[in-house]
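Open the model in your viewer and switch on the cartoon, with side chains ready to display. The stops below are given in walking order.

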Amino acid sequence: MKALVYNGPRNVSVSDVPEPRITKPADAIIQITRTNICGADLHMYEGRTDLEAGRVLGHENMGRVAEIGPAVEKRKVGDMVCVPFNVACGHCRNCERGRTNYCLVANPDPQVAGSAYGFADMGPWSGGQAELLLVPWADFNCLPLPEDATEKQNDYVMIADSFPTGYHATEMANVTPGDSVVIYGSGSVGLMTAYSAILKSAGEVMVVDRHPDRLALAEKIGATPINDSKGSPVDQVMEITGGRGADCGCECVGYQAHDPQGHEHPNATLNDLVRSVRFNGTIGVVGEFVPFDPGAPDEMARHGEIAFDFGQFWFRGQAMGTGQCPVKAYNRYLRDLIHRGKASPSFVVSHQLPLAHAPEGYRHFDARDSGWTKVILSPAA
Ligand code: ZN
Ligand code: ZN
């Protein structure tokens, strides 16, 4: 079958790879109809992780069940399903508590909890930027979609990762009705975070970035865009919040944060957030930070260490939640919002391409070319 293969930094190709086979009774194989290119894929694409050459990328997947193992009871061939990016067993200590983001079984590395499709350090699972995807523990991992699945595919595919991840950022930041919320980053997760905060009736939602196309999308959904190339984002947040700072803050950029001139500062968004959020406020960090960064700008960052302003953070008595999203905690409910017409996260999608054009999609998305806000690949209709 055809799949998008990582060959090395900024080198991906659509190549022939072996088709997945059912080897465990609870496995299913999904024919992929939609699979997204994610900002997290760009960390791998740029060679900023230890991803091995030859791996197939793609962790935001949905499609049609093509084959099931003998132990699969709830899903049947032909069902349309969305697959959380977390691979989770459903039975371990963490899965039983709803923490499928830190499943203790799906990642064979005993030093690492948590697993994902087509992802550096997250287990051996192949990605879904391909014609077919193997999904283990299929009853647990395949969320069934309603009868409008085909018509609303570009909405439903967003619940594999970016929509629940944005929602999770607002949960960790403790967003409640009326709150002011500042979000650093207007990539698809930043925009989904703003969208989630608005769905939760936040009073004021501010989005910090510098790309005019992305800030325009933030404004379109009712957020206040803050352009950090036109002055200190902290000063702009203070001005909007009457000098108090936002009640809640969300980090949606990660370790490759850079200034408007393009210089990387992995601590920039975290330190700006601490100063943008009020005393005793709460911060949720879903932007990706890694323990090893082979392409880091300095020796400290190579080991995942950054100069975080802990003094200011402690002095302000803030709290912070971190880590990947447990997609299964939210995906069923976000699916129902989409089904009932109360949410339409596909507003971030700018391009839909056939799988064969995936390398071109990576090139434009990685270059942050204007208008390339979110790329969906459609290996099958
Ligand atoms: Zn993603
Ligand atoms: Zn588990």
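Start by selecting helix 7, residues 212-220, in this predicted model. Show the side chains of R214, L215, L217 and A218, which are the buried residues of this helix. Now look down the axis of helix 7: the buried residues lie within an arc of 155°, so they line one face of the helix. Turn to the other side of helix 7, where P212, A216 and K220 are exposed.

What covers the buried residues of helix 7? Add helix 6 (188-199), strand 9 (204-209) and strand 10 (224-227) to the selection; the cover includes these three elements. Before leaving the helix, select G222, just after helix 7, which has a positive phi of about 105°.

Next, go to strand 9. Of its six residues, five are buried, so expect a mostly covered strand. Add strand 8, residues 180-184, which runs parallel to strand 9 and is joined to it by five bridges. One place to zoom in is Y184, which stands opposite V208 of strand 9. Bring helix 6 back into view: strand 8, helix 6 and strand 9 form a right-handed β-α-β unit.

Keep V208 selected and find its bridge partner in strand 10, I226. Strand 9 and strand 10 are also a parallel pair, with four bridges between them. To finish, trace the chain from strand 9 through helix 7 to strand 10; this β-α-β crossover is right-handed.

Methods: Residues numbered from 1 in each chain as written. Chains lettered and ligands numbered in written order. Predicted model: local features only at pLDDT ≥ 70, side-chain atom pairs only at ≥ 80, totals over all residues. Buried ≥ 20, exposed ≤ 12 C-beta atoms within 10 Å, placed from the backbone. Helix = DSSP H or I, 4+ residues; strand = E, 2+ residues; numbered from the N terminus. Arc of directions from axis to C-beta. Contact = placed C-beta atoms within 7 Å. Pairing = 2+ DSSP bridges. Right-handed = clockwise from strand over helix to strand, strands pointing away.
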